[in-house]
There are 2 protein chains.
Amino acid sequence: MKVGILGAGQLGRMLAIAGYPLEMSFSFYDTSGSPSVGFGDILVDKGGSGAKLEEFLNKVDVVTYEFEHLPLELTQKIEKLKPLYPSSKSIEVCQNRAKEKALFTELGIPTAEYRVATSAEELAEAAAELGCPVVAKSVTEGYDGKGQAVLRDVADAEQAWSSINHDAVIVESFINFSRELSIIAARSTTGEVAFYPLAENNHHDGILRYSIAPAPKVSTELQQQAESHIKALINDLDHVGILTLELFETPEGLIANEMAPRVHNSGHWSIEGAASSQFENHLRAIAGLPLGNTAANKPTCMINIIAEKGDKEAILKLPYAHLHLYGKEERTGRKLGHVTVQADSYEELVWRVKNVATFLPGSPEFISSIS
Amino acid sequence: MKVGILGAGQLGRMLAIAGYPLEMSFSFYDTSGSPSVGFGDILVDKGGSGAKLEEFLNKVDVVTYEFEHLPLELTQKIEKLKPLYPSSKSIEVCQNRAKEKALFTELGIPTAEYRVATSAEELAEAAAELGCPVVAKSVTEGYDGKGQAVLRDVADAEQAWSSINHDAVIVESFINFSRELSIIAARSTTGEVAFYPLAENNHHDGILRYSIAPAPKVSTELQQQAESHIKALINDLDHVGILTLELFETPEGLIANEMAPRVHNSGHWSIEGAASSQFENHLRAIAGLPLGNTAANKPTCMINIIAEKGDKEAILKLPYAHLHLYGKEERTGRKLGHVTVQADSYEELVWRVKNVATFLPGSPEFISSIS
């Protein structure tokens, strides 16, 4: 199968690495002008003029993507010519926080109370109704903590509106949560669905720093609750491929935060931590192949390498660590790679993660808070 | 690091897949005219005229290979321009059974009694001296059981000589062995050496059918004996990269059969079965990076997919199997891929391997004999 990927970054890279042993080949369509994937057939169409789109589509049997913030017209155009998985319906909902929240509500999935505001005045009204503090987020195009503002007081509305600088924002009540979790599911063209165990995610400055999977202290009921939520979504969207649902754990149960219609940073642990990684299962799903085993083989932690690559040789010396670099130059806030750490117990895992963190100058202060 | 690989088959393919996460890139130099690697930068120079050699060498920092039956003049020429790992010294010894046996003997590594013969008459003399049955093998260019003949009687010499059709043959006494084993070691440019656990190998018609690693029923002493033999070889050759030593287990201890200066089919189990695979460690070694953890994480069996691909979907459904296909067309005797099977015990492993074998029409009769 010839797979076309919209985007040419680390997610596309890890998809291709997982797909070669299944005799798939990969073409990448890059509009950034700086693809980092480093191999495969890369078509660069800087700015997305569409000049190379036909050539790209002619090369592939099926199209998928590593980034959902794609122009809908583009994905709908592609869909007329080649199968696009997940479909533009998944993209449309996942790239729009208002549509996403509406779907959560429609399917009975708990989410934060929210309002949509299209002006500074409406934002102030929404903040007053919901009760500050609230968080305002651009309805579209926000990711990795971008396009967001916290309102501690209704009077912050004017400044928040102009800092977000968008047509519409979603305004949400604060959730009193104990931790952030995510669940990843795969759904095949045949309708088969498989779930990974919940991962526990730790962010700083809006960027994921590390994930532990399976998340410690997860009851069977909690896992089932998460599976039930994502199953409702994945079936409703007739979604094909990986779907990721970010959740908050609260005393009242799980509250849905947002979802992504693609392989996700909180699933990178599965490369070593599960028999079939999220990347392999995404490809199996879009190819209509049976889904692979999603069970975790050991307590696993994925640590992002951000901004600086750190002491690569020291990490390579550790018998329990796997290094994945993405072929990208160092830059503030940039995800450059990740390290997977495994252990037989969570206690040992924490010690090992703390040790790895000493070799990563970008983020040890956050990681060393792991307990 | 830009790695150049001489050859563009499955070994080069698995090296590249292991090397991308270490930010290496790969160029392949193919003289067969039918590269199967399927990705990376492939320079085809059918027949090996050398027309594309300079272009290939200009693209890379270091050169390695997936096949040791290379013209020595070529490898010596390359060596003058770029680092070649393992060096032409390793190639020279490993591609010549007479030089290989002489080195085993020089280093005190037990091997079958042997003679070199350069005519049918000398072959008959050698067979008489050693006592039939003996096996005659072409001194160079033989692999996967090709260029070999068994002499049950001295009178078979004429026919054996013409069937092998070579300038010189090596004639060996039969070894009364209980099983075939192999040990794989990595040695870095820094001199660091690491050993994988012994694998048990099962051949049919001269082709490896399956390997179990760690080989069951291996004492610490046996593993140490194997490590001591390969350590003597790898250091004497000043070898950089993976070296594989095939051994026979006999009541008198290990007897060396032959070696290969490269990643080896009997080490494919390490992709899932060890923290760092033979492919990753070969690359770490030639890059001078610290070597990775070679310990087996579970009893593991690697089953070759030969001639026919079998029931791919049935294999993908098995939660304990990993499928690796090489992007090659079906053909008699051809290695098309492998399946890695893991289990917590050897007993369970055998059941699982037998189950996988039912989906592989090419070789179930051999695999089902596993016990």
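**Exercise 1. A pair within one helix**

Starting from A:Arg352, which is partly exposed with a relative accessible area of 22%, identify the residue with which A:Arg352 forms a salt bridge in this predicted model, and account for the spacing of the two residues along the helix.

*Solution.*
Step 1. The partner is A:Glu348, and the closest N and O atoms of the two side chains are 3.2 Å apart, which lies inside the 4 Å limit for a salt bridge.
Step 2. Both residues belong to helix α12 of chain A and stand 4 residues apart, so about one helical turn separates A:Arg352 from A:Glu348.
Step 3. A:Glu348 is likewise partly exposed, its relative accessible area being 35%.

**Exercise 2. Salt bridges between separate elements**

Of the 30 salt bridges that a search of the whole structure finds over all chains, take the one between A:Lys298 and A:Asp344 and the one between B:Glu129 and B:Arg115, and state where each partner lies and how accessible it is.

*Solution.*
Step 1. In chain A, the side chains of A:Lys298 and A:Asp344 come to 3.4 Å, counted from N to O. This pair connects distant parts of the chain, 46 residues apart, with A:Lys298 in the loop between α10 (278–287) and β15 (300–306) and A:Asp344 in the loop between β17 (335–342) and α12 (346–357).
Step 2. A:Lys298 has a relative accessibility of 32% and therefore counts as partly exposed, whereas A:Asp344, at 65%, counts as exposed.
Step 3. In chain B, the closest N and O atoms of B:Glu129 and B:Arg115 are 2.7 Å apart. Here too distant parts of the chain are linked: B:Glu129 is in helix α6 (residues 120–130), B:Arg115 is in strand β5 (residues 114–117), and their positions lie 14 residues apart in the numbering.
Step 4. B:Glu129 counts as exposed at 53% relative accessibility, while B:Arg115, with a relative accessible area of 26%, is partly exposed.
Step 5. Salt bridges can also share partners, as those do that join A:Lys101, A:Lys137 and A:Glu172 into one network.

**Exercise 3. Geometry of two aromatic pairs**

From the 12 aromatic pairs found over all chains, assign a geometry to A:Tyr20 with A:Phe39 and to B:Phe177 with B:Phe248, and decide whether each ring residue is buried or partly exposed.

*Solution.*
Step 1. A pair of aromatic rings is described by the distance of the centres together with the angle of the planes.
Step 2. Among the pairs of the whole structure, A:Tyr20 and A:Phe39 lie 6.1 Å apart from centre to centre with 55° between the planes, and the pair is tilted. A:Tyr20 is in the loop between α1 (10–19) and β2 (25–30) of chain A, and A:Phe39 is in the loop between β2 and β3 (41–44), 19 residues apart.
Step 3. Both are buried, A:Tyr20 at 2% relative accessibility and A:Phe39 with a relative accessible area of 4%.
Step 4. B:Phe177 and B:Phe248 are stacked, with 4.4 Å between centres and 25° between planes. B:Phe177 sits in the loop between β8 (169–173) and β9 (179–187) of chain B and B:Phe248 in strand β13 (residues 241–250), so the pair ties together parts 71 residues apart in sequence.
Step 5. B:Phe177 counts as partly exposed at 34% relative accessibility, and B:Phe248 counts as buried at 10%.
Step 6. Ring pairs further link A:Tyr20, A:Phe26, A:Phe39, B:Tyr20, B:Phe26 and B:Phe39 into a cluster.

**Exercise 4. The interface**

Describe the contact between chain B and chain A by its residues, its buried area and its polar pairs.

*Solution.*
Step 1. In this interface, 27 residues of chain B are in contact with 27 residues of chain A.
Step 2. The area buried between the chains is about 2600 Å², of which carbon and sulfur atoms give 58%. B:Tyr20, B:Glu23 and B:Leu316 supply 23% of the area that chain B buries against chain A, more than any other three residues.
Step 3. The count of salt bridges between the chains is 2. A:Glu23 forms a salt bridge with B:Lys309, with the closest N and O atoms 3.0 Å apart.
Step 4. Residue pairs in polar contact across the interface, both partners at pLDDT 80 or more, number 14. On the side of chain B that touches chain A, α1 (10–19), α11 (312–317) and β16 (321–325) each supply at least two residues.

Methods
Residues are numbered from 1 along each chain as its sequence is written. Chains are lettered from A and ligands numbered from 1 in the order in which they are written. This is a predicted model: local features need pLDDT of at least 70, side-chain atom pairs count only at pLDDT 80 or more; totals for chains, interfaces and linings use all residues. Side-chain values use heavy atoms; hydrogens and water are left out. Buried means under 20% relative accessible area, exposed over 50%, partly exposed in between (1.4 Å probe, protein chains only). Rings of Phe, Tyr and Trp (its six-membered ring) pair if their centres lie within 6.5 Å; planes under 30 degrees apart count as stacked, over 60 as edge-to-face and the rest as tilted. Contact means heavy atoms within 4.5 Å. Buried area is the accessible area (1.4 Å probe) that two parts lose on being put together, summed over both. A polar contact is a pair of N or O atoms within 3.5 Å; within protein, one must be able to donate a hydrogen and the other to accept it, and residues adjacent in sequence count only if both atoms are side-chain atoms.
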